[in-house]
Amino acid sequence: GVMGFADMLLRMNIPYDSDEAVDVGRHLMEFINLEGHAYSEFLGRERGSFPNFSRSTLARRYSAMRNATVTTVAPTGTISIIGGCSSGIEPIFAVSYVRNVLDGTEMLEVNPIFEEVAKQRGFYDEQLMKDIAHRGTVRGLAAVPEDVQGVFATAHDIAPEWHIRMQAAFQENVDNAVSKTVNFPRGASPKDVEEVYLMAYKTGCKGVTVYRDGSRAG
């Protein structure tokens with residue numbers, strides 16, 4: 001599987017909700033999938049294939065295969081926090097946010113890549129970071145350059161269609177399912193959810209998860 005994909009896009013100055021980002025995701029996972037299967041084929045020749053390999057669809061393409069499945073995209077929620085990177089193939093959830101600790105103290109947390117860019121470009125300011133935390137997005141904020149606004153899209157900035165397009169791009173080259181959440185605004189309707197489910201089905205996703213903002217207390 002993978003994690004840190006959104007961070008990679010930030011480093012490459014590619015907006016998550018763009019054709020370029022979807023293409024990067026597709027080619028990245030294709031490379032991982034090809035290399036993973038090549039090594040599983042090598043191990044299959046060396047140690048033997050998985051049971052029922054000869055009756056599987058993989059037998060049409062490979063001489064041997066150690067693993068029945070090689071690739072997946074898991075949520076990686078906790079391990080990405082430990083690793084200090086974005087989870088799975090999800091976009092970043094926030095550019096800046098306030099963390100409440102046990103004694104009631106508020107700690108301002110800023111995405112390290114955004115902080116780096118803001119300082120390099122000369123628009124970093126602690127009050128601005130607090131304003132971003134309050135707004136929940138940098139898009140439409142005059143104090144942040146337009147190109148930076150485009151690149152630093154959060155999960156809620158991204159239209160549902162782009163969430164599905166990214167998931168489908170990865171699913172093309174993944175044996176198992178792809179963990180991905182489609183974020184909806186508070187005003188989303190059952191029809192909006194239906195359209196996303198159908199789009200996920202039509203684009204070959206093996207599953208789909210949706211979350212409507214405000215639908216869960218806390």
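**Close-up views of aromatic pairs, cysteines and Glu-90**

The structure holds six aromatic pairs. The coordinates come from a predicted model.

**View 1. The rings of Tyr-39 and Phe-42 form a tilted pair.** The ring centres of Tyr-39 and Phe-42 lie 5.2 Å apart, with an angle of 45 degrees between the planes; an angle that is neither under 30 degrees nor over 60 counts as tilted, so this pair gets that label. Helix 2 (residues 19-47) carries both Tyr-39 and Phe-42, and the two are three residues apart, about one turn of the helix. Phe-42 is partly exposed, because its relative accessibility is 37%, a value between the 20% and 50% cut-offs.

**View 2. Phe-114 and Phe-123 pair edge-to-face.** Here the planes stand at 65 degrees and the centres of the two rings are 5.9 Å apart. The pair of Phe-114 and Phe-123 is edge-to-face because its angle is over 60 degrees. Phe-114 and Phe-123 are both buried.

**View 3. Three aromatic residues form one cluster.** The members of this aromatic cluster are Phe-5, Tyr-16 and Phe-170. Tyr-16 is also one of the residues that Glu-90 touches, and Glu-90 is shown in View 6.

**View 4. The charged end of Lys-119 sits over the ring of Tyr-124.** The distance from the charged end of Lys-119 to the centre of the Tyr-124 ring is 4.9 Å.

**View 5. Cys-85 is partly exposed and Cys-205 is buried.** The relative accessible area of Cys-85 is 24%. For Cys-205 the relative accessibility is 12%, and this residue counts as buried because the value is under 20%. A disulfide is a covalent bond between the sulfur atoms of two cysteines. Zero disulfides are found when the whole structure is searched.

**View 6. Glu-90 is a buried residue in a loop.** The loop that holds Glu-90 runs between helix 3 (77-83) and strand 1 (96-100). Glu-90 has a relative accessible area of 14%, which is under 20%, so Glu-90 counts as buried. Leaving aside residues up to four places away in sequence, Glu-90 touches Ala-6, Tyr-16, Ser-179, Lys-180 and Thr-181. With Thr-181, a polar atom of the Glu-90 side chain lies 2.8 Å from the backbone nitrogen. Leu-102 is twelve residues from Glu-90 in sequence, and the C-alpha to C-alpha distance between these two residues is 28 Å.

How values were computed
Residues are numbered from 1 along each chain as its sequence is written. This is a predicted model: local features need pLDDT of at least 70, side-chain atom pairs count only at pLDDT 80 or more; totals for chains, interfaces and linings use all residues. Side-chain values use heavy atoms; hydrogens and water are left out. Rings of Phe, Tyr and Trp (its six-membered ring) pair if their centres lie within 6.5 Å; planes under 30 degrees apart count as stacked, over 60 as edge-to-face and the rest as tilted. Helices (H or I, at least four residues) and strands (E, at least two) are DSSP runs, numbered from the N terminus. Buried means under 20% relative accessible area, exposed over 50%, partly exposed in between (1.4 Å probe, protein chains only). A charge sits over a ring if NZ of Lys or CZ of Arg is within 6 Å of the ring centre and within 35 degrees of the ring normal. A disulfide is a pair of cysteine sulfur atoms within 2.5 Å. Contact means heavy atoms within 4.5 Å. A polar contact is a pair of N or O atoms within 3.5 Å; within protein, one must be able to donate a hydrogen and the other to accept it, and residues adjacent in sequence count only if both atoms are side-chain atoms.
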